[in-house]
Amino acid sequence: MVSRWEVSFLRLFGFLLWAIGAQAQDVARLAVYPGPTAAVHMPDSVTGFSIFSSQDLSGNEVRVGHRAYTLHTQADMEIGGFVSQLFLVDTPLAQVVLLPRDTWPLVYIDCYKGGYGPGVAVAVGQARANGKAGTCAPPPIIPQSVWRQGLKAPKPGPGATKVAHVVIHHSATSNTATDYLLAVRNIYLYHVNYNGWDDVGYNYLITADGSVWAGRDGQGMVDGDNVKGAHFCAKNSGTMGVCLVGDFTLASPSDTALGSLRDLLAWKLEKEGLQPFGQSFHPTGAGDGFELPTLCGHRDGHRPGVYGGCQTECPGDQVYVHMDSLRAAVANRLVSCGYAVGSDRGAHPVETEATYLDIGKEAQVYDLYGRWVGSLVWQGQYPSAYSSGWYILSQVQGEEWVRAIFYLGLTN
Ligand SMILES: [Zn+2]
């Protein structure tokens, strides 16, 4: 992949910046010794970058255009260092400014050039339009062969796995990047080049416009939803990974994206005979493991004292807070297509049993996205004022608000 080496010396604010760039078609790696600050000139056509270092640089800042971002780096044992989140922009970056708090070691800026020609955008638009629609059908899925055009192929020979858990992620990438095709291509380059993975880590990616992008490619041998990915702390067997593209630490995902996620999950659960409120054992190797909700967030894989992996904020607080609603939304969709949804909620202690709400007391009623739709006096039975479906009911008990997810309907 390395076609040309370039070495340049730049003086900046009196400090030496040493950059060695490995120029390739889709990627470039810059080696930088930053002083107290360093403006790094980027190669042409860079629309994404991440930072690799031998040290944990979390908490330091990076300026991209007029915005400053805090670095979050994660240890990667396989490649022996720390990898930052991926930064994405819609138009090529001229420079990135590093703002180290202390002396930094040599760092590498890994640059991604996911740019595409007009033909790729047209093909993606056609794939999106050609998708099937219908009850419990998956949303239209844009094949990797369509969105990846012009980038190098993944490694051959994908592995297969029988899915028992679906793990929700966010990409922790800039929400200001709205060229979603470009974002997906750069995420692919981020995963396959410097993470050293065989292919993009997730089985699916969903962007704010609701588009669903096929992730890890089955290459004609495995269905995309059963390809073993690289997203869940190296214990990927038995899981399917879905990534909401964006940073949902503070911002909420769009309703459109959540709608596509719901449809994708309902389709997969029906296909595998899984339950949206279920849980099952997730093995972490050598007889170890733990109970994991069937629909879970990446951070659910971290169990202090049980399993030390997966210490992460992923999928972001603003996705994680909606996991109950998401399970209910999936259940609602499954019910609408005649699938028998069980009411086992043992996996989710934040939810309460139907009988837990106080009879005869007022409860507030919210839809599956937490939007208030009304109130009722809870009588422990179907209130005919509401159309059948899943709702979140919340009630004051003593000093606390309690909440529960209910199917309000004539049959359940
Ligand atoms: Zn994740």
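A residue counts as buried if 20 or more other C-beta atoms lie within 10 Å of its own. By that rule, 43% of the 412 residues of this chain are buried. The structure is a predicted model, and the tour below goes through it by selection.

**Stop 1: the whole chain**

Show the full chain as a cartoon. Six helices and 24 strands make up its secondary structure. Among contacts between residues at least 6 apart in sequence, 66% join residues at least 24 apart.

Now colour by pLDDT. The chain has a mean of 82, and 85% of its residues reach 70 or more. Where does pLDDT stay under 50? Select residues 1-24, one such stretch, for which the model has 44 contacts beyond four places in sequence. Then select residues 344-355, where pLDDT also stays under 50 and the model has 23 contacts of that kind.

**Stop 2: a sheet of four strands**

Select β4, β11, β6 and β7. In that order they form an open sheet with antiparallel pairing. Residues 38-41 (β4) and residues 67-70 (β7) are its edges; each has a single partner strand, so one side of each is left without a neighbour in the sheet. On average, neighbouring strands here are turned by 25 degrees against each other, direction ignored.

Go through the sheet pair by pair:

- β4 and β11 (residues 95-99) run antiparallel and are joined by four bridges. Label H41, which stands opposite Q95 in β11.
- β11 also pairs with β6 (residues 61-64), in the antiparallel sense and over four bridges. Here R63 stands opposite V97 of β11.
- β6 and β7 pair in the antiparallel sense over four bridges. Label E61 and its bridge partner in β7, T70.

Zoom in on the link between β6 and β7. These two strands form a hairpin with two residues between them. G65 lies in the turn and has a positive phi of about 65 degrees.

Next, show the side chains of β11. Which of its residues are buried? V96 and L98 are buried and point to one face. Q95, V97 and L99 point to the other face and are not buried. Two of the residues just named have appeared before: Q95 faces H41, and V97 faces R63.

**Stop 3: a sheet of six strands**

Hide the earlier selection and show β13, β16, β15, β17, β14 and β20. This is an open sheet with its strands in that order, and the pairing is mixed. Which strands stand at the edges? They are β13 (141-142) and β20 (295-297), each with a single partner strand, so one side of each has no neighbour in the sheet.

Zoom in on the β13 edge. β13 pairs with β16 (residues 212-214) in the parallel sense over two bridges. Label I142 and W213: the first stands opposite the second, which is in β16.

**Stop 4: a residue in a loop**

Select D198. This residue is in the loop between α3 (180-193) and β15 (204-206). Is D198 buried or exposed? D198 is buried, because 20 other C-beta atoms lie within 10 Å.

Add P154 and K155 to the selection. D198 touches both, not counting residues up to four places away in sequence. Draw a distance between the C-alpha atoms of D198 and P154: the value is 5.7 Å, although the two residues are 44 apart along the chain.

**Stop 5: two packed helices**

Two packed helices are described by the angle between their axes and the distance between the axes. Select α4 (residues 255-272) and α6 (residues 323-336). They pack at an angle of about 60 degrees, and their axes are 9 Å apart. The crossing of α4 and α6 is right-handed.

To see the contact itself, show side chains on both helices. From α4, select L261, R262, D263, L265, A266, L269 and E270. From α6, select L326, A329, V330, R333 and L334, which the α4 residues meet. Which classes of residue make this contact? The contact of α4 with α6 has eight nonpolar residues, four charged residues and no polar ones.

Terms used. Residues numbered from 1 in each chain as written. Predicted model: local features only at pLDDT ≥ 70, side-chain atom pairs only at ≥ 80, totals over all residues. Pairing = 2+ DSSP bridges. Axes fitted to C-alpha atoms, helices over the stretch in contact; angles between N-to-C directions. pLDDT = per-residue confidence, 0-100. Contact = placed C-beta atoms within 7 Å. Left-handed = near helix turned anticlockwise from the far one by under 90°. Nonpolar A, V, L, I, M, F, W, Y, C, P; charged D, E, K, R; others polar. Buried ≥ 20, exposed ≤ 12 C-beta atoms within 10 Å, placed from the backbone.
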